[in-house]
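Thanks for coming, everyone. Please look at the screen, and I'll walk you through one protein.

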Amino acid sequence: MFVFDPKIAALPIVGREDLFPVRRVYCVGRNYVAHIREMKEGDERDPPFFFQKPADAIVTNAADVPYPPQTEDFQYEAELVVAIGSEAANISVERALEIVFGYAVGVDLTRRDRQRESFKAGLPWEVGKAFDHSAPCGAIHMVADVGHRLKGAISLSLNGVERQRGDLEQMIWNTPEIVSNLSRSYRLKPGDLIMTGTPAGVGAIVPGDRLLVSIEGLAPLQFSIAEREI
Ligand code: MN
């Protein structure tokens, strides 16, 4: 057997006792025009590009997120999370939604100073994006219950003040296009999550801050920023 307990990251499923085991966390970069403009990076017509966070970076609803090491500019990005429920490679846009298990509210936490350095130096985004506790994610709603979330308000409040507001239909690449495109590079499997990009209004957070992220029709995600643990 195993020489130590292999902990599996998992998310609750609304209305079910069973958990959704997280295999991989894919993220889409730059998927809302207004966010690309505020970042002053990239082109609005670029094809989607992807990066990953480790599965054990998942933080479940209401858990604290420690302020990460190696940054002085820790930022939030509110995102729709797509949960994959079956295996597929090279799936067409027309059929892509068939493999979606459900949807959740998530945040792509970012060490913005490290990400900007990497971008300028042409280096991988790893240090800016794929760190411990960098992927808070709410409970998954099954498609059978809520349908496909192709439009609807997405917003983030920091200490009770709204900082991000957009609509899922403002995505440059929508969920079927993202799933189809990603499946050309990776065989998607049950347990994969895809964070689909953030609208404008990203900003810095510090210990003590309280975040509330909402997407129309889904359970909100909330968490607080705790002191640095390293
Ligand atoms: Mn993001």
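**A walk through the fold**

Of the 230 residues in this protein chain, 51% count as buried. One caution before I go on: this is a predicted model.

Let's start with the overall picture. The chain has five helices and 18 strands. Its radius of gyration is 17 Å, close to the 17 Å that the globule rule gives for 230 residues, so the chain is as compact as a globular protein of that length. Along its principal axes, the C-alpha trace spans about 45 × 40 × 35 Å. Now take the contacts between residues at least 6 apart in sequence. Of these, 76% join residues at least 24 apart.

Next, the interior. Nonpolar side chains tend to be buried together in soluble globular proteins. Here, the largest nonpolar core has 43 residues. Which of them touch the most other members? They are L109, V179 and I194. Look at I194. Leave aside its neighbours within four places in sequence. I194 is then in contact with Y26, V28, L80, V81, V82, I84, I178, V179 and L182. Apart from this core lies another one, of 21 residues. Its members include A135, C137, M142 and L193.

Now the sheets. Strands of a sheet pair through backbone hydrogen bonds, either parallel or antiparallel. I'll show you two sheets.

One is an open sheet of five strands, in the order 6-18-17-13-14. Its pairing is mixed. Which strands stand at the edges? Strand 6, residues 65-66, and strand 14, residues 161-167. Each has a single partner strand, so one side of each is left without a neighbour in the sheet.

Let's go across this sheet. Strand 6 and strand 18 run parallel, joined by two bridges. P66 has A226 in strand 18 as its bridge partner. Strand 18 and strand 17 run antiparallel, with four bridges between them. There, V213 is partnered by L221 of strand 18. These two strands also form a hairpin, with five residues between them. In the turn, G217 has a positive phi of about 90°. Then strand 17, residues 210-215, pairs with strand 13, residues 153-158. That pairing is antiparallel, over five bridges. S157 finds its bridge partner in L212 of strand 17.

Stay with strand 18, residues 221-226, for a moment. In a regular strand the side chains alternate between the two faces of the sheet. Strand 18 shows this alternation. L221, F223 and I225 point to one face and are buried. Q222, S224 and A226 point to the other face and are not buried.

The other sheet is open too, with three strands in the order 10-7-16. Its pairing is antiparallel. Strand 10 and strand 16, residues 203-204, stand at the edges. Each has a single partner strand, so one side of each has no neighbour in the sheet. Strand 7, residues 74-76, pairs with strand 16 over two bridges. Y76 stands opposite G203 in strand 16.

On to the metal. Which residues are the protein donors of the manganese ion? They are E77, E79 and D108. The glutamates give OE atoms and the aspartate gives OD. These donors lie 2.1 to 2.2 Å from the ion. Along the chain, the spacing is E-x1-E-x28-D. So where do E79 and D108 sit? E79 is in strand 8, residues 78-84. D108 is in the loop between strand 9 and strand 10. The pair links distant parts of the chain, 29 residues apart. Both E79 and D108 are buried.

Last topic: charges. Side chains of opposite charge can pair when their charged atoms come close. How many salt bridges does a search of the whole structure find? It finds 13. Some are joined up: K53, E77, D108, R112 and K129 are linked in a network. Two of those names, E77 and D108, you have just met as manganese donors.

Other salt bridges involve residues closer to the solvent-accessible side of the scale. D5 pairs with K7, with their closest N and O atoms 3.8 Å apart. Is D5 buried or exposed? D5 counts as exposed because its relative accessibility is 55%. K7, at 74%, counts as exposed as well. R16 and D18 meet at 3.6 Å, N to O. R16 is partly exposed at 38%, and D18 is partly exposed at 48%. Finally, R165 pairs with E162, the closest N and O atoms being 2.9 Å apart. E162 counts as partly exposed, at 42%.

How values were computed:
Residues are numbered from 1 along each chain as its sequence is written. This is a predicted model: local features need pLDDT of at least 70, side-chain atom pairs count only at pLDDT 80 or more; totals for chains, interfaces and linings use all residues. Side-chain values use heavy atoms; hydrogens and water are left out. Donors are N, O and S atoms within 2.8 Å of the metal (3.2 Å for Na, K and Ca); water is not among the atoms, so sites may look incomplete. Buried means under 20% relative accessible area, exposed over 50%, partly exposed in between (1.4 Å probe, protein chains only). A salt bridge is a side-chain nitrogen of Lys or Arg within 4 Å of a carboxyl oxygen of Asp or Glu. Two strands pair if DSSP finds at least two bridges between them. A nonpolar core is a set of buried Ala, Val, Leu, Ile, Met, Phe, Trp, Tyr and Cys residues joined through side-chain atoms within 4.5 Å. Contact means heavy atoms within 4.5 Å. The radius of gyration is taken over C-alpha atoms; the globule rule is 2.2 Å times the number of residues to the power 0.38.
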